[in-house]
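Trainee: Before we begin, could you put the structure up, so that we can work through the fold step by step?

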Amino acid sequence: MRDIYHSRVPWIGAFFAGLWCPRYWALTFGQTTWWTVGPELIDFHARRHEACHQRQFARDGRLRFLWRYAWEWLGGLFRYHRLRDAYLQISYEVEARKAEGD
Ligand SMILES: [Zn+2]
């Protein structure tokens, strides 16, 4: 597991999630998480969320994760016509949001 801070990479994800100016944002691929800010600003819930994505990558593999994530995002976009709703209903994101609190 690896964390990279003060990166612009996660803003790509924020765009596809329909979020234009969140306080900070993160993107996980495989066992690496890129954060837009330094570690001092990242809260417990966000850490749990991204750790869950790392477990999903370990469980399903990169190819399967990417394929399913993109497929569900596209399906959501057709269904809801909104980036934000397309993002929120992706099963990996639903699972990661559940992991934030428990
Ligand atoms: Zn997520």
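Trainee: In the hairpin of β2 and β3, which residue takes a positive phi?

Mentor: Bear in mind throughout that this is a predicted model. The hairpin of β2 and β3 has two residues between the strands, and the strands themselves pair in the antiparallel sense over four bridges. Within that hairpin a positive phi near 65° is taken by G30.

Trainee: Which residue of β3 stands opposite L27?

Mentor: The pairing to look at is that of β2 and β3, which is antiparallel and runs over four bridges. Following it from L27 across to β3, the residue that stands opposite is W34.

Trainee: What is the order of the strands in the sheet, and which of them stand at the edges?

Mentor: Three strands form an open sheet, with mixed pairing, in the order β1-β3-β2. Each edge strand has a single partner strand, so one side of each is left without a neighbour in the sheet. The twist from one strand to the next averages 20°. The strands at the edges are β1 (2–4) and β2 (26–29).

Trainee: In what sense do β1 and β3 pair, and what is the bridge partner of D3?

Mentor: Between β1 and strand β3 (residues 32–35) there are three bridges, and the pairing is in the parallel sense. Among the partners in β3, the one that belongs to D3 is T33.

Trainee: Is I4 buried, exposed or partly exposed?

Mentor: I4 has its place in strand β1, and, not counting residues up to four places away in sequence, it touches T32, W34 and W35. A residue is buried with 20 or more other C-beta atoms within 10 Å and exposed with 12 or fewer. Because I4 has 13 C-beta neighbours inside 10 Å, it counts as partly exposed.

Trainee: Which strands does α2 touch where it packs on the sheet, and what angle does its direction make with that of β2?

Mentor: Helix α2 packs on the sheet by touching β2 and β3. Taking the direction of α2 against that of β2, the angle is about 20°.

Trainee: How far apart are the end C-alpha atoms of α2, and what should the helix span?

Mentor: The expectation rests on a rise of 1.5 Å a residue, applied to the 17 residues of α2, which should span 24 Å. The end C-alpha atoms agree with this expectation, since their separation is 24 Å.

Trainee: Within what arc do the buried residues of α2 fall, seen down its axis?

Mentor: The buried residues of α2 are H49, E50, H53 and Q56, and they pack against β2, β3, α3 and α5 (91–101). On the other side of α2, F44 and R59 are exposed. Seen down the axis, the buried residues line one face of the helix, because they fall within an arc of 100°.

Trainee: At what angle do the axes of α2 and α3 cross?

Mentor: Helix α2 (residues 44–60) and helix α3 (residues 62–80) have axes that come within 6 Å of each other. Their contact is made by Q56, F57 and D60 of α2 together with R62, R64 and F65 of α3, and by class it has two nonpolar, one polar and three charged residues. Just after α2, G61 takes a positive phi of about 85°. The axes cross at roughly 115°.

Trainee: H6 has a positive phi although it is a residue other than glycine; is it buried or exposed?

Mentor: Phi of H6 is near 55°, and H6 lies in the loop between β1 and α1 (10–16). With 10 other C-beta atoms within 10 Å, H6 is exposed.

Trainee: Where does H81 lie, and what is its phi?

Mentor: H81 lies in the loop between α3 and α4 (83–88). With 9 other C-beta atoms within 10 Å, H81 is exposed. Although H81 is not a glycine, its phi is positive, at about 60°.

Trainee: How many C-beta neighbours does A86 have inside 10 Å, and does it count as buried or exposed?

Mentor: A86 lies in helix α4, where, not counting residues up to four places away in sequence, it touches W73, G76, L77 and Y80. Because the cut-off for a buried residue is 20 or more other C-beta atoms within 10 Å, the 21 neighbours of A86 make it count as buried.

Conventions: Residues numbered from 1 in each chain as written. Predicted model: local features only at pLDDT ≥ 70, side-chain atom pairs only at ≥ 80, totals over all residues. Axes fitted to C-alpha atoms, helices over the stretch in contact; angles between N-to-C directions. Contact = placed C-beta atoms within 7 Å. Nonpolar A, V, L, I, M, F, W, Y, C, P; charged D, E, K, R; others polar. Pairing = 2+ DSSP bridges. Expected span 1.5 Å × (residues − 1). Arc of directions from axis to C-beta.
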